[in-house]
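Subject: Handing over the model

Hi there,

Here is the structure I promised to pass on. Have a look at it first, and then read on for what turned up when I went through it.

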Amino acid sequence: MSGKIKLVFIIIVGALLVIYYIGLPLYASRMDAKMNRATVPAPYQVSVAAQTLHDSLIVADLHADFLLWNRNFLKKNDYGLVDLPRMQEGNLSLQAFTIVSKVPKGINIHKNTGDTDQITLLTLAQHWPFKSLSSLKERALFQSRKLHDFAEKSNGKFVIIKTKGELANFMSARAKREKLSAGFLGIEGAQILEGNIANVKVMYDAGFRMMAATHFFDTKLGGSAHGVSLGGLTNFGRQVFQEMQQRGMLIDIAHASPALIDDILAFATTPVVSSHTGVRGVCDNQRNLSDDHIKGIAATGGVIGIGFWDVAVCDFSAEAIVKAIKYTAELVGVDHVCLGSDFDGAIESPFDASGMALITEELIKQGFSEKDIRKIMGENTVRVLSQVLPD
Ligand SMILES: [Zn+2]
């Protein structure tokens with residue numbers, strides 16, 4: 001190699017290393033900060049009465065995509081929407097951590113295919129294991145390992161719930177000890193199964209206890225609300241859900257096409273949830289649930305997690321969130337509505353996890369009793385988990 005070629009080679013390799021070790025992580029954290037924002041920054045103030053009630057609640061949330069991003073869960077971050085210190089500040093004690101594995105370019109709520117993917121670049125930019133560049137299953141397993149690592153390093157402040165017994169232990173510990181928080185793992189879109197039924201057990205063994213058939217595109221299980229086929233439940237989908245029910249995993253209908261929701265509701269024998277959604281009765285669009293589907297979920301004994309972002313509730317405010325909660329509660333009863341923020345799911349929210357008391361305050365304002373507020377803010381979610389989780 002001549003001296004000149006050697007120099008060019010060194011410059012190219014040097015530039016690639018700078019891009020990989022500095023440029024790409026910086027790009028990823030910029031994206032995180034830009035895409036996961038509170039429209040009103042912390043701190044948040046509520047009345048003394050609302051705060052006192054809020055501090056006595058079990059607050060549970062059915063959906064957050066925190067694990068997609070390379071933020072330290074144990075430290076208070078000045079961007080993004082949820083981490084352990086902000087959960088503690090907001091008395092958010094039970095959080096579902098849901099796995100995003102593949103997001104088409106130019107996503108919209110109307111029509112997408114699975115032909116393109118924005119997450120591949122994000123996995124590279126955030127230095128995830130190289131296996132997760134090509135495997136959606138590996139992306140799920142890696143995100144599960146991240147949450148387990150955080151739990152281990154939390155000095156007992158954060159636990160991952162996988163069984164009825166662990167949930168009961170958490171509830172009794174909460175009754176005695178202020179700051180214990182818990183999480184459970186879910187999956188947003190069954191593409192992570194890579195078409196193989198054996199991967200249901202792999203996901204169960206990795207700690208996952210909830211899964212939705214689809215995210216933004218159709219899967220081997222059925223049609224997405226934002227896909228191309230708008231199809232119902234396939235035979236493969238039936239096999240997957242049958243096994244999930246046997247193992248004690250929650251079926252999540254978020255992002256499913258109307259035909260797929262119909263089929264799941266007819267098929268399911270355990271409570272079904274929508275982990276994050278709006279309702280068409282107050283915010284009418286393709287992302288949100290019809291009255292019939294709300295009734296169908298309630299009939300299984302399940303819960304509807306009301307989202308915090310504008311497509312779900314048509315505004316950025318606690319008032320809009322509670323309006324959707326109220327509509328749902330009036331339609332099917334207060335036992336079937338809960339919270340499904342979608343924190344860190346590339347959304348804007350009116351507040352971050354430290355502001356959960358704003359919902360309690362707004363529930364009081366809109367006339368809910370203390371008993372109903374306890375249910376909506378967390379007890380309904382705990383009830384469904386305690387019915388479905390394995391022993
Ligand atoms: Zn989602």
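How many residues does the largest nonpolar core have, and which of them have the most contacts inside it? Bear in mind as you read that this is a predicted model. The core has 113 residues, and those with the most contacts inside it are I187, I264, I306, I321 and A324. Helix α13 gives the most to this core, with 8 residues. As background, nonpolar side chains tend to be buried together in soluble globular proteins. To take one of the core residues, I264 is in contact with L233, F241, I251, I253, A256 and V272, leaving aside its neighbours within four places in sequence.

Next, the packing of α13. Its axis and that of helix α14 (residues 357-365) come within 9 Å and cross at roughly 60 degrees, and the two helices are therefore oblique to each other. The crossing of α13 and α14 is right-handed. On the α13 side the residues are A318, E319, I321 and V322, and they meet L358, I359, E362 and L363 in α14. Sorted by class, this contact has 6 nonpolar and 2 charged residues, with no polar ones. I321 thus turns up here as well as among the core residues with the most contacts.

Just after α13 (318-332) comes a loop that leads to β10 (337-339), and H336 is found in it. Is H336 buried or exposed? H336 counts as buried because it has 25 C-beta neighbours inside 10 Å, and the cut-off for that is 20 or more. Leaving aside neighbours within four places in sequence, H336 is in contact with I297, A298, G302, V303, I304, T328 and N380. By contrast, the C-alpha atoms of H336 and K4, which are 332 residues apart along the chain, are separated by 71 Å.

Finally, some backbone details you may want to look at:

- The peptide bond from A42 to P43 is cis, with omega near 0 degrees; P43 is found in the loop between β1 (37-38) and α2 (48-55).
- L230 is not a glycine, yet has a positive phi of about 50 degrees. It lies in the loop between β6 (208-212) and α9 (235-247), and it counts as partly exposed because it has 17 C-beta neighbours inside 10 Å.
- C314, in the loop between α12 (310-313) and α13, also has a positive phi, near 65 degrees. With 17 C-beta neighbours inside 10 Å, C314 counts as partly exposed.

Happy browsing, and best wishes!

How values were computed. Residues numbered from 1 in each chain as written. Predicted model: local features only at pLDDT ≥ 70, side-chain atom pairs only at ≥ 80, totals over all residues. Helix = DSSP H or I, 4+ residues; strand = E, 2+ residues; numbered from the N terminus. Buried ≥ 20, exposed ≤ 12 C-beta atoms within 10 Å, placed from the backbone. Contact = placed C-beta atoms within 7 Å. Core = buried A, V, L, I, M, F, W, Y, C linked by C-beta atoms within 7 Å. Axes fitted to C-alpha atoms, helices over the stretch in contact; angles between N-to-C directions. Parallel < 35°, antiparallel > 145°, perpendicular 65-115°, else oblique. Left-handed = near helix turned anticlockwise from the far one by under 90°. Nonpolar A, V, L, I, M, F, W, Y, C, P; charged D, E, K, R; others polar.
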